[in-house]
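I sat down with this one and kept notes as I looked things up. They are in the order I worked.

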Amino acid sequence: MSNQRPPLAGLRIIESSILGPAAITTAFADLGADIIKVETPSGDYIREMTWPIIEGVSLMHYHLNRGKKSLTLDLKKPEAQQIYKDLVKDADVVIEASKPGALAKYGLGYEELKKVNPKLVFITVSGYGMTGPYRDMPSHGIAYDTWSGAVMPAYDEEGFCYIPEHVGIGINAAPLFGGLAVLAAVIRARESGEGCFMELAQSDAAAAFDWYRSESYMAYARPEDVVTGNKADGWKRRPVATAGMKEGVRYQLYESADGHVLFMASEQAFWKNFCEGVGRMDLFEKWPGSKYADHARGNRELQAVLRDIFKTRTTKEWLDFSVKINTPIAPVNTPRNIVDDPQFQDRFKIMHHEAHGADMLGFPVKFVGEELPEPAKAPTVGQHSDEVLKKTLGYDDAKIAEVRQKGVLG
């Protein structure tokens, strides 16, 4: 462990969240921020949502709320509202990760809290945001993927429509955009003395994350003599983004002797290196292609030859070949087997279930010469109530006993 303080040590965040939007502060916890998750007395029911459930607690809770402290407050009580304001006095950020206005109904909205702390950065994170015709619709994480067009309906053998397996976009994109905005706002607030109010919709984040496809369709809405395909395709338009890869040949998936690889020799130099490496310069001479971005689209004759060539070696042999010959070939993993990949094992430090409740991936950015401390296990409901009141707010034992007796903590 390095002697350096964690990068976000000294940043205090008061978080009022339920379910997936709590992801906005997971990376902050990994980076050492002090995050106090204020929960209702019954707690955030994320602990019981989705699967897997590990010894009665969801993986989602273990992952999203790791490193956070849990304080329970019954915000219907004036004493609890005062405790919340006391927390905000020395905090940098308040996260309202539920329905917009959830805190305002207890007199804890931005306008009230900035009177307590003018430098406060307040962000509300919700499904569809504070405006628009969908703002009041209840929703879950997949809604933002379907809304943004990231997930297309699938049909089973009986003709029933179903949600296909996919990477969740909204739940993962919102923390990236929201976290960046929060840090930017904190830097400005510390310089100017003025905080701000921000709002983020997970649906917006999903759409922004998938910008390439939506912007491509907008581009194709313009005249064809203005917006074209690329030079290697004779300037003809091809389907948007990865949909245009289906007919690719020099940039395509191929079976290896024991799995699959992704071949990516769309540059002429890489294609030539490949042909030399497999002893098939006749392929390059027959189909040299363009200098850049040439996928030999639709060349079934070449695709059949490459299909047979790639089956002659194992995936590892092709990866070794890739480095030796200097042509891009990548492994094709699944979420199940990626943990066995040597590159994954080198790059990721697994936080093990013995200490963290679940086996989890750590923060992916490396601070060279430093080692980030592992975040604490995700809290049980109210686990840190006494600690927060005593160490953060300076309450003595008598005052803590008093608020407990009044039911302020639930």
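What follows are my entries, starting with the whole chain and then going to single sites.

**Entry 1: the whole chain**

I note first that this is a predicted model. I looked up the secondary structure and got 16 helices and 15 strands. The chain has 410 residues, and 42% of them are buried. I also pulled the extent of the C-alpha trace, which runs to about 85 × 55 × 50 Å along the principal axes. Then I turned to contacts, taking those with a sequence separation of 6 or more. Of these, 66% are between residues 24 or more positions apart.

**Entry 2: α6 against α7**

Next I picked a helix pair. Helix α6 covers residues 170-192 and helix α7 covers residues 202-209; their axes are 8 Å apart and cross at an angle of about 90°. Since angles from 65 to 115 degrees count as roughly perpendicular, α6 is therefore roughly perpendicular to α7. I listed who makes the contact: G170, I171, A173, A174, L176 and F177 come from α6, while α7 supplies Q202, A205, A206, A208 and F209. By class I get nine nonpolar residues, two polar and no charged in this contact.

**Entry 3: the cavity**

How many cavities of 30 Å³ or more does a search of the whole structure find? I get one. The volume of the largest cavity is about 30 Å³. Its lining is made of P21, I24, V125, G170, I171, A174, P175 and Q202. I checked which element gives the most to that lining, and α6 does, with four residues. The classes come out as six nonpolar, two polar and no charged.

Some names here were already in my notes: G170, I171, A174 and Q202 line the cavity, and they also appear in the contact of α6 with α7.

**Entry 4: Q202**

That sent me to Q202 itself, which sits in helix α7. Is Q202 buried or exposed? Its relative accessible area is 5%, and because anything under 20% counts as buried, Q202 is buried. Outside its sequence neighbours up to four places away, I find Q202 touching P21, V125, S126, G127, Y144, G170, I171 and A174. Among these, P21, V125, G170, I171 and A174 are also cavity-lining residues.

**Entry 5: the second largest pocket**

I then moved to the open sites. The second largest pocket comes to about 370 Å³ in volume. It has 18 lining residues, and those nearest its centre are K349, G362, F363, V365 and L372. I sorted the lining by class and got nine nonpolar, one polar and eight charged. For contrast, I had written down no charged residues for the lining of the largest cavity.

**Entry 6: backbone oddities in the β2 to β3 loop**

Which two residues does a cis peptide bond join? W51 and P52, with omega about 5°. P52 is in the loop between β2 (34-39) and β3 (53-54). T50 is found in that loop between β2 and β3 as well. I flagged T50 because, as I checked its exposure, its relative accessible area of 34% made it partly exposed. T50 also has a positive phi, near 55°, in a residue other than glycine.

**Entry 7: A293**

A293 is another non-glycine residue with a positive phi, about 55°. I place A293 in the loop between α10 (281-286) and α11 (300-310). Its relative accessible area is 30%, so A293 counts as partly exposed.

**Entry 8: two more loop residues**

D74 lies in the loop between β5 (69-72) and α3 (78-89). Its relative accessible area is 14%, so I put D74 down as buried. Leaving out residues up to four places away in sequence, D74 touches P41, A80, G407 and V408.

A376 is in the loop between β15 (360-361) and α15 (385-392). At 48% relative accessibility I have it as partly exposed, because exposed would need over 50%. How far apart are A376 and A29 in sequence and in space? They are 347 residues apart along the chain, and 8.9 Å apart from C-alpha to C-alpha. Beyond its neighbours within four places, A376 is in contact with R66, G67 and H356.

Methods
Residues numbered from 1 in each chain as written. Predicted model: local features only at pLDDT ≥ 70, side-chain atom pairs only at ≥ 80, totals over all residues. Heavy atoms only, no water. Helix = DSSP H or I, 4+ residues; strand = E, 2+ residues; numbered from the N terminus. Buried < 20%, exposed > 50% of the residue type's maximum accessible area, 1.4 Å probe, protein only. 1 Å grid on protein atoms, 1.4 Å probe; cavity = no way out; pocket = protein on both sides within 12 Å on 5 of 7 lines; lining within 4 Å. Points joined across faces, edges and corners; volume = space filled by probe spheres on them. Nonpolar A, V, L, I, M, F, W, Y, C, P; charged D, E, K, R; others polar. Contact = heavy atoms within 4.5 Å. Axes fitted to C-alpha atoms, helices over the stretch in contact; angles between N-to-C directions. Parallel < 35°, antiparallel > 145°, perpendicular 65-115°, else oblique.
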